[in-house]
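I opened my notebook to look up the fold of this protein. I wanted its overall form, its sheets and one of its pockets.

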Amino acid sequence: MAKYVASVGMEVHAELSTRSKMFCRCAVGFGGQPNTRTCPICLGLPGTLPVPNKAAIDMVVRTALAMNCQIDLNCKFERKNYFYPDLPKGYQISQYTHPLGHSGFLEIPSPNGTKRIRIRRVHLEEDTGKLMHLPSGGSGVDYNRAGVPLMEIVTDFPPDITNPDAAKEYLVQLRQILMYLGVCDGKMEEGSLRAEPNISVRIEGAEAYGTKTELKNLGSFTSVQLGVDFEVARQSKVLDEGGVITQETRGWNEKKAESFLMRRKETENDYRYFPDPDLAPLALDQAYVEKMRATIPELPLAKRTRYENDLGINAQHAEILTADQAWAAYFEEAVNLGGDPQAVCNWMISDFAMRLNDQGIAPADSNVPPAHLVQLTKLISEGTISGKMAKEIFAEMYAEGTPPGDIVAAQGATQISDRDSLVSVVRSTLADNGDAVAKYRAGQTNVKGFLVGQVMKATNGRANPALAQQIVQEELEK
């Protein structure tokens, strides 16, 4: 069997987080009663004229800049002609020859550091409606989504993605960037972000690229990873058996984890692009571009690298902290308030994350502001409370919103770190457990843990564990 090399181009569609549609003032929203957010413009009725949504243009320009693209100062809208029930006009207003952004790149983590994925274009268009297959038979069309601002991001050719893991990581990083910018909510389960990998294989060493197939509207990272993997295996098998790969659009069956033929894929000429006569070309200037550039925040990969290099956070924890912008903002506020980065991180990714996930809320919506978490870590580092006591205090902090210092004061729950006080407790404990002491001195040293536990029990868990262990050892050796 021949050895094949895979190539994966990625087309990603992101619904923009605007309040109104691309060319009319209908509201944007998910779900709801079908065909209630429509008007003559987004339904494509005769005599209507589109008016571009400036907020959508701003969002696409910011995204293009975040992905290191050049901005076309003289871009234009064009008509992409095809006929489908969910396309009310019989064409889609899109961009082709002059997209808003082009010639950029996005960097993704890789086993050897980072890998650069070149971006061919970032352009603006309108979304289609949605076909609804009815339980009683037949289908209907919901046009609520028709006309929603849609950004398409297309990787360059030849593709830089060569395996399923890189395809998934590209989508992960792209989604994070869009959410950091606030241009897309990233809710793949609602169709706000949809990926369409274009996959081909060729024999290793061959210069010509193989015929590609497109997987349509994948709505999860797992689907992208499994879909690419399946198509690479399927195409390789077809070629090994002497078959020919046909350029086509394929769907993805989640339950069977396999692709299926939808239709033979159109070529660009089939769409008969031409400038939209109802929309004047966009004339941007460099001052506008720089204004948009100034609004771009620190992006996830840069933030992740800074956490590792400047704050000493390991790569895995830095990835967790930067996966969500609100999560990263909470961490940074805690560090700015004087919290030790690693101590704050440890609490965030363990007890705090567990409780937030159980409730399905963001850190800012919890009862634990960053200042309270910082205070808790300082009580531990100063020896005022033990780690075990801190867990109990954190549970009350989370439930009631009370500062940890107030809880410690109210409960008198400070850690006992006074040596003289602990010496007295240890001696009393050893006297009460003479059999265990005898066993230790006879060579059964594992009973020391039992004796330390008895000291902790005698102090209701308030003894400084390290100091208690040290004193027990000293007293046993006398």
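My entries follow, going from the whole chain to the sheets and then to a pocket.

**Entry 1: the whole chain**

I noted at the start that this is a predicted model. I looked up the secondary structure and found 15 helices and 16 strands. Next I checked how spread out the protein is. Its radius of gyration is 30 Å, while the globule rule gives 23 Å for 478 residues, so the protein is more spread out than a compact globule. I also took the box filled by the C-alpha atoms. Along the principal axes it comes to roughly 95 × 55 × 55 Å.

**Entry 2: the sheet of 9 strands**

I traced an open sheet of 9 strands with mixed pairing. Its order reads 2-6-7-10-1-11-12-13-14. Which are the edge strands? I found strand 2 (70–71) and strand 14 (258–264), each pairing on one side only.

I then looked at how strand 14 is held. Strand 13 (residues 248–253) and strand 14 run antiparallel, joined by 6 bridges. Across this pair, Thr 249 stands opposite Arg 263 of strand 14.

Two helices that pack on this sheet went into my notes. Helix 1 touches strand 2, strand 6, strand 7 (113–126) and strand 10 (149–155). The direction of helix 1 makes about 160° with that of strand 7. Helix 3 (residues 221–240) touches strand 1 (4–15), strand 11 (193–203), strand 12 (213–215), strand 13 and strand 14. I read about 25° between the direction of helix 3 and that of strand 11.

**Entry 3: the sheet of 3 strands**

I found an open sheet of 3 strands as well, in the order 5-4-15. Its pairing is antiparallel. The edges are strand 5 (91–94) and strand 15 (274–275), and each pairs on one side only. I followed strand 4 (residues 78–81) to strand 5 and found 4 bridges between them. One residue pair I wrote down is Lys 80 with its bridge partner Gln 92 in strand 5.

**Entry 4: the second largest pocket**

I looked up the second largest pocket, which holds about 240 Å³ of space. How many residues line it? I got 15, with Ala 66, Met 67, Asn 68, Ile 177 and Leu 299 nearest the centre. Helix 1 (54–66), strand 6 (101–110), helix 2 (164–181) and helix 5 (300–311) each give two or more residues to the lining. I sorted the lining by class and got 11 nonpolar, 2 polar and 2 charged residues. Helix 1 thus appears twice in my notes: it packs on the sheet of 9 strands, and it gives residues to this pocket lining.

Conventions:
Residues are numbered from 1 along each chain as its sequence is written. This is a predicted model: local features need pLDDT of at least 70, side-chain atom pairs count only at pLDDT 80 or more; totals for chains, interfaces and linings use all residues. Side-chain values use heavy atoms; hydrogens and water are left out. On a 1 Å grid over the protein atoms alone, a cavity is a set of points where a 1.4 Å probe fits but cannot get out, and a pocket is an open set with protein on both sides within 12 Å along at least five of seven lines; lining residues have an atom within 4 Å of a point. Grid points are joined across faces, edges and corners, and a volume is the space filled by probe spheres set on the points. Ala, Val, Leu, Ile, Met, Phe, Trp, Tyr, Cys and Pro count as nonpolar, Asp, Glu, Lys and Arg as charged, and the others, Gly among them, as polar. Two strands pair if DSSP finds at least two bridges between them. Contact means heavy atoms within 4.5 Å. Axes are lines fitted to C-alpha atoms, for helices over the stretch in contact, and angles run from 0 to 180 degrees between N-to-C directions. The radius of gyration is taken over C-alpha atoms; the globule rule is 2.2 Å times the number of residues to the power 0.38.
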